[in-house]
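Subject: Structure for you to look at

Hello,

Here is the structure I said I would pass on. Please open it first; my notes come after it.

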Amino acid sequence: ELLVGQSLSIRTVAGMMLVAFLWAICFPFIVVGLPDAPPLLFAALRALLAGLCLILIAVGKGRRISFSPRRFLMLTVIGFSYTGMGLGGMFLGAGKLGPGLATVLANAQPLFAAVLALFIFREVVTGRVFAGLIVGFIGVVVLATPEMEFGNARFTGAVYVLVGAIGTAFGNVLLKYQAGSDDIYWSMGIQLVIGSAFLAIASVGLGEGMAIDWTWSFSSAIFVLAIPATALMVVLWYSLLASAPLNSLNSFTFLTPVFGLVIGILLFGETFSFVEIIGIGITIMGLVIVVKAPRQPAGASEVREQMTVAGRPY
């Protein structure tokens, strides 16, 4: 069994803070670009451009592609869940919810991933890490409270975002299974391209049409979403998954709504309410609980190494 509870390195903490920030800028830029393109087509373009970027990097670095049918099937499932469901839910939900609430709901995925990791990887969640996850999620809920207004459109948007969160969680668990076994650029590039194909098929199936207005705002949005917020983010995430427990990494995603609020203040002139300030404090408290969790005993580390076969943790 894998023990999830060791303290994380400064490098890992810095990497996850960057991932959380890149995730936080997604919904604002999605909202900027949605008036100029159908949501699923917009999402497909984002995934396609990001995937091609990673594949070009792989070719430029002289990386060779060598995938067995089993691994290609795994990348296909990841492309469907992590990219297809994850981005599809984000883009469909962003058009019906405010960026703040959408970001908060998307951060339910660590809880889904924790349950999946428990059954798939037999990861043992220590009491302290579990407490940190719960406290962090409570903070996210408190942050969402001021925007909780239920209506048909908002309910539909919430369902889209939560389904996307489930897809992202499942994809994250599969990424943990793949981490360290294949070339990062080829693996992530291929799954993004495959995911873009699923999104394009869904777009055609729903009759969205192919009309895109290539304004400066849309062009800027698609660039930011495809390159730093997707290509860079998934490479960082994939690399971190190979060296740290999934549940501990997921705890950092609770920082995403905090970063979202900061972006709102600096770029959109938003102000904080008293409840939001409390939510920020609770969220950071949950993060600190997880990051400061005691190191795992040496025996647990040895067990983890023994359970790694051909670079793949079992």
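Below is what was found, starting with the whole chain and then moving to the interior, one acidic residue and the surface.

Please keep in mind that this is a predicted model.

Overall

The protein has 314 residues, of which 52% count as buried. Its secondary structure consists of 14 helices and 4 strands. If you take the contacts between residues at least 6 apart in sequence, 93% of them join residues at least 24 apart. About 13,900 Å² of the protein is exposed, and carbon and sulfur atoms supply 72% of that area.

Interior

The largest nonpolar core has 69 residues. Those that touch the most other members are Ile30, Phe42, Leu54, Met90, Phe91, Leu175 and Trp237. Helix α10, residues 216-241, gives the most to this core, with 14 residues. As for Phe91, its contacts beyond four places in sequence are Ile30, Leu34, Pro39, Phe42, Ala43, Arg46 and Leu225.

Aspartate 36

Aspartate 36 sits in the loop that links α2 (26-33) to α3 (39-60). What is the nearest side chain of opposite charge to this buried residue? It is arginine 46, 15 Å away, and aspartate 36 has no salt bridge. A salt bridge would need a side-chain nitrogen of Lys or Arg within 4 Å of a carboxyl oxygen, so a partner 15 Å away does not qualify. Leaving out residues up to four places away in sequence, aspartate 36 touches Ala211, Ile212, Asp213, Thr215, Ser217 and Phe218.

Surface

In soluble globular proteins, nonpolar side chains tend to be buried together. This model also has a nonpolar patch on the surface, formed by Leu73, Val77, Leu118, Phe119, Ile120 and Phe170, with about 560 Å² of accessible area together. Two elements, α4 (69-94) and α6 (109-120), each give two or more residues to the patch. The most come from α6, which gives 3 residues.

Two patch members can be placed in more detail. Valine 77 lies in helix α4, and its relative accessible area is 31%. Patch residues must have over 30% relative accessible area, so valine 77 passes that cut-off. Isoleucine 120 is in helix α6 and is partly exposed, with a relative accessible area of 40%. The C-alpha atom of isoleucine 120 is 9.1 Å from that of leucine 174, although the two residues are 54 apart along the chain.

Regards

Key:
Residues numbered from 1 in each chain as written. Predicted model: local features only at pLDDT ≥ 70, side-chain atom pairs only at ≥ 80, totals over all residues. Heavy atoms only, no water. Buried < 20%, exposed > 50% of the residue type's maximum accessible area, 1.4 Å probe, protein only. Lys, Arg positive; Asp, Glu negative; His and termini not counted. Contact = heavy atoms within 4.5 Å. Patch = residues over 30% accessible without salt bridge, like charges linked within 9 Å, V, L, I, M, F, W, Y side chains within 5 Å. Areas by Shrake-Rupley, 256 points an atom, 1.4 Å probe, with all protein chains shown as cover. Core = buried A, V, L, I, M, F, W, Y, C linked by side-chain atoms within 4.5 Å.
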